[in-house]
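I set out to look up two topics in this structure, its pockets and its aromatic pairs. My entries are kept in the order in which I made them.

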Amino acid sequence: WAQANVAAGYRYSVDARAGSQALRDGRATIGVTWTNYGAAAATEKWAPGYRLVDFTGAVIRTLPASTVLKNLVHIGDSSGDQPTPESSTESVAVDLAGLAPGRYRLQASVAWQQHKPQGTHVVNYPPMQLARDGRDESGWYSIATLDISRGVLTSTPQR
């Protein structure tokens, strides 16, 4: 029973890739990997996204994601006790123009957007719970810390 619960359905996670950050033309670029550790993909419209928050928790920038979660499913032989994970990596570009020196966090979340046109009853679900630690009260996960100091950027993945 426990094994069936672990393997059934989807189990998405997100991580910033260590050493993937770059600073060019006033933009920080961070490699982010989305992984489905489950045996199936989400069939409803779940949309991942990012935001940059400052040390107070204020949202500074909102950034779109290009990863389509329903495409993250392993096709082929999955021998063994666990489903074969399927991953997709994208680059998240953060415009640093106008940002004061300081520490910022890049966060990721997955919002449910399966709203039916002209529906008579609107349902809104909270953000998806991912297969990782670090969820805050609003459903966001910190995945990287950006330190901006006198035009120098350092980025640290968080798990």
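The entries below record what I looked up, first on the pocket and then on the rings.

Entry 1, status of the model. I note at the outset that I am working with a predicted model.

Entry 2, the largest pocket. I looked up the volume of the largest pocket and found about 170 Å³. I then listed its lining, which comprises 14 residues. Nearest the centre of this pocket I recorded Glu44, Lys45, Trp46, Val68 and Lys70. Sorted by class, the lining consists of seven nonpolar, four polar and three charged residues.

Entry 3, aromatic pairs. I asked how many aromatic pairs the structure holds. The count is three. One of them joins tyrosine 10 and tyrosine 12, with 5.2 Å from centre to centre and 35° between the planes, and is classed as tilted.

Entry 4, accessibility of these two tyrosines. I checked whether each is buried or exposed. Tyrosine 10 has a relative accessibility of 34% and therefore counts as partly exposed. Tyrosine 12, at 1%, counts as buried.

Entry 5, a pair between strands. I turned next to tryptophan 34 and tyrosine 50, whose ring centres are 6.3 Å apart. Their planes stand at 55°, so this pair is tilted. I placed tryptophan 34 in strand E3 (residues 27-36) and tyrosine 50 in strand E4 (residues 46-53). The pair therefore ties together parts that lie 16 residues apart in sequence. I also recorded that tryptophan 34 and tyrosine 50 are both buried.

Conventions
Residues numbered from 1 in each chain as written. Predicted model: local features only at pLDDT ≥ 70, side-chain atom pairs only at ≥ 80, totals over all residues. Heavy atoms only, no water. 1 Å grid on protein atoms, 1.4 Å probe; cavity = no way out; pocket = protein on both sides within 12 Å on 5 of 7 lines; lining within 4 Å. Points joined across faces, edges and corners; volume = space filled by probe spheres on them. Nonpolar A, V, L, I, M, F, W, Y, C, P; charged D, E, K, R; others polar. Phe/Tyr/Trp six-rings, centres within 6.5 Å; stacked < 30°, edge-to-face > 60°. Buried < 20%, exposed > 50% of the residue type's maximum accessible area, 1.4 Å probe, protein only. Helix = DSSP H or I, 4+ residues; strand = E, 2+ residues; numbered from the N terminus.
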